[in-house]
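This report introduces a protein model to a reader who has not met it before. The sequence and structure are shown first, and the description follows.

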Amino acid sequence: MTLATATKRSARGAPNRGGADHGAWFLVLPALIPILVLSVGPLLYGIALAFTDSQSGRTEPTQWIGALNFQDLLHDTLFWDSFRIGLLWAFGVTVPQFLLALGLALLLNQNLRFRWLARALAIIPWAMPEVVVGIMWRLVYHPDAGVLNETLSTFGLGEGKDWLTGTATALFAVIVVGVWAGMPQTTVALLAGLQNTPRELHEAAAMDGAGAWRRFRTVTWPAIKPIALAITALNFIWNFNSFALVYVLTQGGPGGRTRLPMLFAYEQAFRYGQFGYAAAMGCVMVAVISVLLAVYLVGRLKGGDEA
């Protein structure tokens, strides 16, 4: 067989990469179009809106004002107070959420009776909508007939408090709810990592005389560390962007003590009609989240290179 004949046959048998690429794009389009319409489009529109003086009820045409909204935002102490509260909320929820979820995942990974029932009960808060969780905990925190105050009074641990409207207790109260509502998701992720850890490693470490803490430090933690870092980073971002749960519980009160950045932007947009100014706040929060994501991804890439 001549070289020319072989070349023709190989050309006829070669796959049509261009057609395959077109087919792949055709399959991706049903998922890509909703993302472009519902996520990318509103994001670009919000960024453009941040550079205008858009307001509700305005009879004059919206005008382009450049970075004036961002300049005003730099001197807005209320926004930076909400930003500080948002960071306190995010750290205050994420850290205990992870520690409690880790302990619960370690417990559910043991060979216990009715373990299937305990696992089912552990994910109930995750299955409940945030609005329902907020309403339920408002009943728990109720100053007159709430379960919490009734329990404290029964055991003589103090008089009833108005947990959600007290300036000293409101933020702590909503943090407790945030931890309870978000812990199941972290538990499920960590439990999946624990179940993928070979038991032979634990048995070998136990035979070498390693105690429970040493086995956790040398066997368990290295196995679940990538999952722990990923779920913690995602939890921090989700918690910083929280809205519905805190809105149902306190609506940002009392006196702005639980006013998260999303709540503050919501008030500016839909209570005061300052759409352009609220969009500028949204751009700042998107920038912060993007920086956090970039730091996380760089850390993950460096960790992968070192591994």
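## A tyrosine pair between two helices

Tyr-247 counts as partly exposed because its relative accessibility is 26%, a value that is neither under 20% nor over 50%. Tyr-266 is likewise partly exposed, at 31% relative accessibility. The model in which these residues appear is a predicted one.

The ring centres of Tyr-247 and Tyr-266 lie 5.5 Å apart and the ring planes meet at 70°, so the two form an edge-to-face pair; the angle required for that class is over 60 degrees. This pair links distant parts of the chain, since Tyr-247 belongs to helix α12 (residues 244-249) and Tyr-266 to helix α13, 19 residues apart.

## Helix α13

Helix α13 covers residues 261-271, and its buried residues are Pro-261, Leu-263, Phe-264, Ala-265, Glu-267, Gln-268 and Ala-269. Just after α13 comes Gly-273, with a positive phi of about 75°.

Phe-264, one of the buried residues of α13, is also a member of an aromatic cluster, together with Phe-79, Trp-80, Phe-83 and Phe-240.

## Other aromatic contacts

The count of aromatic pairs comes to 19. One of them joins Trp-137 and Tyr-141, whose rings are 5.5 Å apart centre to centre, with 45° between the planes, a tilted arrangement. Trp-137 has a relative accessible area of 14% and is therefore buried. Tyr-141 is buried as well, with a relative accessible area of 5%.

## The chain as a whole

The protein chain contains 14 helices and zero strands. Its pattern along the sequence is accordingly written α-α-α-α-α-α-α-α-α-α-α-α-α-α.

The radius of gyration of the protein chain is 26 Å, whereas a compact globule of 307 residues would have one near 19 Å. The C-alpha trace spans about 95 × 75 × 35 Å along its principal axes. Among contacts in the protein chain with a separation of 6 or more, 66% are between residues 24 or more positions apart.

## Surface and charge

Buried residues make up 33% of the 307 in the protein chain. The accessible surface of the protein chain comes to about 18,900 Å², and carbon and sulfur atoms account for 66% of that area.

The protein chain carries 21 positive and 17 negative charges, and the mean positions of the two sets are 14 Å apart.

Conventions. Residues numbered from 1 in each chain as written. Predicted model: local features only at pLDDT ≥ 70, side-chain atom pairs only at ≥ 80, totals over all residues. Heavy atoms only, no water. Helix = DSSP H or I, 4+ residues; strand = E, 2+ residues; numbered from the N terminus. Rg over C-alpha atoms; globule rule 2.2 N^0.38 Å. Buried < 20%, exposed > 50% of the residue type's maximum accessible area, 1.4 Å probe, protein only. Contact = heavy atoms within 4.5 Å. Areas by Shrake-Rupley, 256 points an atom, 1.4 Å probe, with all protein chains shown as cover. Lys, Arg positive; Asp, Glu negative; His and termini not counted. Charge placed at Lys NZ, Arg CZ, Asp CG, Glu CD. Phe/Tyr/Trp six-rings, centres within 6.5 Å; stacked < 30°, edge-to-face > 60°.
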